[in-house]
Amino acid sequence: RPKASGRKRAVHEPFSDLMKMLHGATEQGEYGDLMVHFKKLTPSAMDVEVRMLSVEHDLPLLLRFFLHELKNCTNYELLQAHLGHVLRVHGLEIAARPELKSLAAELKEHHNAQWEKMEDLLQYNLCLIGHLTRMQ
């Protein structure tokens, strides 16, 4: 149990650098530096970050960040990996809270739209490769 200090602590103070960056990026509406930081995290470091999330304060911000990135069609594969891990760790909490559940539904909608675009591109490339290999 941490020792009490003379300084009063805020109701919720982010503990990790990632969560501090997430709160700052959300306030500013600019997520570029946050994504750079996400790219530098090792899988084990990301796991620790996800498990340290405050469901009430941090998780909604993280889901909004994922939503922002999906809407901008950036870093799709990295986002898939992180989103999948967050859902495995916090899926029950997300399902139990209406705010998080609605964010998850919106994420699903944008995820499906992005996947359809990705699937169309994959199909186009497969057809093109098939066509080119028959030309020889």
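Biologist: Let me start with one side chain: is Arg51 buried or exposed?

Modeller: Arg51 counts as exposed, because its relative accessibility is 51% and the cut-off for exposed is over 50%. Please keep in mind that this is a predicted model.

Biologist: Thanks! Which side chain does Arg51 meet in a salt bridge?

Modeller: The partner is Asp47, with 2.8 Å from N to O. Both residues belong to helix H3, where they sit four residues apart, about one turn of the helix. Asp47 counts as partly exposed, at 23% relative accessibility.

Biologist: How many salt bridges does the count come to?

Modeller: The count is three. Let us take the other pairs one at a time. Arg64 forms a salt bridge with Glu99, and their closest N and O atoms are 2.7 Å apart. This pair links distant parts of the chain, since Arg64 is in helix H4 and Glu99 in helix H6, 35 residues apart. Arg64 has 33% relative accessibility and counts as partly exposed; Glu99, at 42%, counts as partly exposed too.

Biologist: And which residue forms a salt bridge with Lys71?

Modeller: That is Glu106, with the closest N and O atoms 3.6 Å apart. Lys71 lies in helix H4 and Glu106 in helix H6, so this pair ties together parts 35 residues apart in sequence. Lys71 is partly exposed, with a relative accessible area of 44%, and Glu106 is partly exposed at 30%.

Biologist: You keep naming helices. How many helices and strands does the chain have?

Modeller: The chain has six helices and zero strands. Read from the N terminus, the order of elements is α-α-α-α-α-α. For contacts between residues at least 6 apart in sequence, 69% join residues at least 24 apart.

Biologist: Now the interior. What should I expect of nonpolar side chains?

Modeller: In soluble globular proteins, nonpolar side chains tend to be buried together. Here, buried residues make up 31% of the 136 residues in the chain. The largest nonpolar core has 29 residues, and those touching the most other members are Leu34, Phe38, Leu59, Leu62, Leu63, Phe65 and Phe66.

Biologist: Which helices each supply at least two residues of this core?

Modeller: They are H1 (17-28), H2, H3 (43-52), H4, H5 (76-96) and H6 (98-134). H4 gives the most to this core, with eight residues.

Biologist: Several of those core names are phenylalanines. How do I read a pair of aromatic rings?

Modeller: A pair of aromatic rings is described by the distance of the centres and the angle of the planes. In this model the count comes to four aromatic pairs. One of them joins Phe38 and Phe65: the centres are 5.1 Å apart and the planes 25° apart, and the pair is stacked. Phe38 lies in helix H2 (residues 32-40) and Phe65 in helix H4 (residues 59-71), so the pair ties together parts 27 residues apart in sequence.

Biologist: Are those two rings' residues, Phe38 and Phe65, buried or exposed?

Modeller: Phe38 counts as buried at 1% relative accessibility, and Phe65 counts as buried at 0%. Phe65 also pairs with Phe66: their ring centres are 5.9 Å apart and the planes are at 40°, so that pair is tilted. Phe66 is buried as well, like Phe65.

Biologist: Which residues form the aromatic cluster?

Modeller: Tyr31, Phe38, Phe65 and Phe66 form one aromatic cluster.

Biologist: What does Phe38 touch, leaving out residues up to four places away in sequence?

Modeller: Phe38 touches Leu18, Met46, Leu62, Phe65, Phe66, Leu78 and His82. Two of those, Phe65 and Phe66, are its fellow members of the aromatic cluster.

Biologist: Let us finish on the outside. How much area does the chain expose?

Modeller: The chain exposes about 9,400 Å², and carbon and sulfur atoms supply 56% of it. There is a nonpolar patch on the surface, formed by Phe15, Val48 and Met52, with about 310 Å² of accessible area together.

Biologist: And where does Met52 lie?

Modeller: Met52 lies in helix H3. With a relative accessible area of 42%, Met52 is partly exposed. Helix H3 is also home to Arg51 and Asp47, the pair we began with.

Terms used: Residues numbered from 1 in each chain as written. Predicted model: local features only at pLDDT ≥ 70, side-chain atom pairs only at ≥ 80, totals over all residues. Heavy atoms only, no water. Phe/Tyr/Trp six-rings, centres within 6.5 Å; stacked < 30°, edge-to-face > 60°. Buried < 20%, exposed > 50% of the residue type's maximum accessible area, 1.4 Å probe, protein only. Core = buried A, V, L, I, M, F, W, Y, C linked by side-chain atoms within 4.5 Å. Contact = heavy atoms within 4.5 Å. Salt bridge = Lys/Arg side-chain N within 4 Å of Asp/Glu carboxyl O. Areas by Shrake-Rupley, 256 points an atom, 1.4 Å probe, with all protein chains shown as cover. Patch = residues over 30% accessible without salt bridge, like charges linked within 9 Å, V, L, I, M, F, W, Y side chains within 5 Å.
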